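Me: I'd like to go through this one with you and ask what stands behind each label. Here it is.

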Amino acid sequence: MTTQLTPTPVASPLVSPKPGYLAAAGRWTGALAGAIAIFSVLLIAKGANPVTTLVDMVVSMTSGFSIEQIVMKAAPLVLAAMAVVLPARAGLANVGGEGQVIIGAVAGAGVGLVVSGPAALPLMLVAGALGGALWAGLAVMLRVTVGVNEAVTTLLLNYVALDVMLYLIYEPWKDAQGSGQPATPPLSIEQRLPLLSGTAVHAGIILALLAAVAVWFTLRHTAFGFRLAVTGGNPEAARRAGLRVGRLLLTAMLLGGALAGLAGVIHLAGVEFKLRPGLTTNIGYIAFLAAWLARHNPLPAVAAAFMLAAITVGGDSLQLDSGLPAATVNVLMALILLAVLGWTAKRSSS
Amino acid sequence: MSDLVVDVLTGAVRGGTAIMFAALGETLAERAGVVNLGTEGSMLVGALAGYAIAAETGSPWAGLAAGAVAGGLLALVHAVMVVWRRSDQFATGLTVMFLGLGLTSLFGAAYVGRAAPGFDPVAVPLLSDVPLLGEILFQHDPVTYLSFLAAPLLWWWLRSTRGGLLLRTAGERADVLHVHGYRPGLIRGAAVVAGGALAGIGGAQLATAYAHAWFEGMTAGRGFIAVSLVIFAAWRPLWVMAGSYLFGAALALAPALQARGISLNQFALDALPFLITLAILAILGRRTLRAAPEELRRVFT
C-alpha cells in the first residue's frame, strides 16, 4: 500500500508482447518449488526426511480413500468460499465465514434435536442456511445502518458464534449418554446426508458444486450480478445511477451467510453428525483464503478449495506416516499461499 | 463482595496483560497504515519461543527476548508481503496466522508437558501494601509491571517523538513522507515488525507467566481479540490498556464466581467482551472509522 509517485508504466499491447502462459507457468512452478524447498528445510530442522515425507504425503493423497476424504473436506470449503466470493463482488469483506459455518451447524443440529423423520434433513439444511444468513445479517446491518466496517464485525462475530456453540454443547444440548467429551447427541441415520452410490462421499458435494455454478451464473449472467459488480467497483457511482446500494449489500451478504451456513450444516450432517468443540477445523478461514487465492472468481475458487482440501488431508498422512503433528501441514499451506499470492499474481495498480 | 471485586480486577490485570502487549503492537502497525491479522500467529510463535528458550536456558528473561524476536520475524513475513508485494492485508494476515499455527505445532510438540522456569509474582515493596490497589496492581509477575509502562510509553512515543511522528505520517499521508525524502514503506515495515515483536512478548508472557505451560493453539484467539481491541480503543494506546483489562475481567469473572459457589457458564461470559465491542462499534457507528488513520481507511473499504 505504499504510495507511488512515479507514474506506473502503461503496458502497451503494441510494444510489450503479452506475457505467455509459459512465463506464468514458470512463475507458478518457481513459487511452488520455493514453498516446498522452505518446507523441506523446516522438516530437516525437525529431523524428518523431507523426500520420504513429501512422497508419502503425495502417495497417500492419491489413494482412493484419500480422494474421498478430499472431496468431503472440499464440500464445505467450496460453499464457504462462495460465501466470500459473492459479497466480495459488492466490495464487502466477509471474514466471518467461520462464525457463519458454526451457526449453520448449530441451527442444523438444533432442528435435528426436535424434528425426526424424512422432513428432518431438508429442514436442517434450511435452518443452517437461515442461521448463517442471520449471522452475516447482523454484521451487514451494522454496516448498512450505522456504517461499521463489516470485516471487523464479522471477525468479532466468529468468536461469539464459537461461544454460542460451546455454551450449548456444554450445557443445554449436552448428550447425557455421551462419553466425557461434551457433544450433542449424534444425528439419526435419516437425518444424515445420503452417500453417493458406491462411495463414502456424502451428497453435500453435489449441493456445493451446484451452489458454485449458481454463484458463477448469478455474477456473470444476471442483472443482479452486474449491479453487485457496479456497487463493488464504485459505490458512489452506483448510488448516483439509482441503484439501492444498501439493499444490494444486504442481499449479497445474506446470500453469502446462507451459503456459509449451508457449509456448516452439510459438514454436520455429512461428516461430524454431532456438535463438538473444534467442529469446523478453520473451514471459514481456509475458505476465505481459497476465495482470495482465486481472486474472488467463483469457478477458480472451487479449484482452490479442492487444492487446500488436498493439502489438509495430506496433513493427516504426515501424522500417520511421519509422526509429525497434523497441524504441521498449515506451514506448507501458508508457504504455498504466500508464494502464490506474492509472486505469481498480477501486481495490482492500486 | 469487595474481595470478589478484588479477585476479578486482579484477574483482569493478570489475564489482560498478554492481550495488551499484542494490542499495543497492533496499534503500532495500524497507526502506520497496516492491519495485521497475523498478530495471532506472532503471539503463538512468541509463546513457543518464550517457553522453549526459558526451558533450554533456564532464564525466563531470555525467553521473553526470544519471544519478541520470534514474533517480530513472523511479522516480517507480513510486512514483506503487504508493503513490498502489495498483497491483500486481510488474506495475508490470515495466511501468516496459519504459518504461525503450523510452525508452532511442528516445533512445539517437544515442549508440551515439559516444565520450564517462568516468571513468578513479585510483590512490589510498599506499593503492594496499599489496600485494594496494592493487591490488584502490585502482586504480579515482572512482565506485567513492564506492561504498566508500555502503554503510556507508546502513547508518549507516538505523540511526542520524531519517530512517532514519522510513523503516524506513514499511516495518515504517506505522500508527505515521499516528498520529504522518507520511504513510507520502510517505516510501515518497521512498524509491523515492531508490532509483531510486542505481540511476541505478549505470547511469551502468556506461556511463561500466565499459563506456565506450552500447548498447541494456546493463544485461543487472543491475537484476534487484540485486533478488535485496537478498533474499540480508536487507535489510542491508553484506551488499549483499558480495553485489555475489560477483556481480562470477563475472563476472570466466571472462575471468581465459581469459587464462591455461583456456577455460571464460562462461554456466556467469554462472549461478553466481543458483544461489548460490537455494541460500542454500533453506538459509535461511522465515528469509529473517522478516528482511523487515513491510509488505514483505504484498507477497510
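Me: How many salt bridges are there between chain B and chain A?

Reply: Zero. Keep in mind that this is a predicted model. A pair would need a Lys or Arg side-chain nitrogen within 4 Å of an Asp or Glu carboxyl oxygen, and the count between chain B and chain A is zero.

Me: What makes two residue pairs across the interface of chain B and chain A count as polar contacts?

Reply: The cut-off is a pair of N or O atoms within 3.5 Å, one able to donate a hydrogen and the other to accept it. Two residue pairs across the interface pass that rule, both at pLDDT 80 or more.

Me: Which element gives the largest share of the side of chain B that touches chain A?

Reply: H4(B), with 14 residues. Helices H3 (60-84) and H9 (184-210) of chain B are among the other elements that give two or more residues. By type, that side divides into 31 nonpolar, 13 polar and nine charged residues.

Me: How do you know that 53 residues of chain B are in contact with chain A?

Reply: Contact means heavy atoms within 4.5 Å, so 53 residues of chain B count, against 52 of chain A. Together the chains bury about 5000 Å², 71% of it on carbon and sulfur atoms. Arg86(B), Phe98(B) and Leu106(B) supply 15% of the area chain B buries there, more than any other three residues.

Me: Why is 242-259 of chain B called a "transmembrane region"?

Reply: That name comes from the UniProt annotation, an unreviewed entry, and annotations may be inferred. In the model, the span is 100% helix, with end C-alpha atoms 25 Å apart. Residues 96-116 of chain B, also listed, are 62% helix with ends 27 Å apart.

Conventions:
Residues are numbered from 1 along each chain as its sequence is written. Chains are lettered from A and ligands numbered from 1 in the order in which they are written. This is a predicted model: local features need pLDDT of at least 70, side-chain atom pairs count only at pLDDT 80 or more; totals for chains, interfaces and linings use all residues. Side-chain values use heavy atoms; hydrogens and water are left out. Buried area is the accessible area (1.4 Å probe) that two parts lose on being put together, summed over both. A polar contact is a pair of N or O atoms within 3.5 Å; within protein, one must be able to donate a hydrogen and the other to accept it, and residues adjacent in sequence count only if both atoms are side-chain atoms. Helices (H or I, at least four residues) and strands (E, at least two) are DSSP runs, numbered from the N terminus. Ala, Val, Leu, Ile, Met, Phe, Trp, Tyr, Cys and Pro count as nonpolar, Asp, Glu, Lys and Arg as charged, and the others, Gly among them, as polar.
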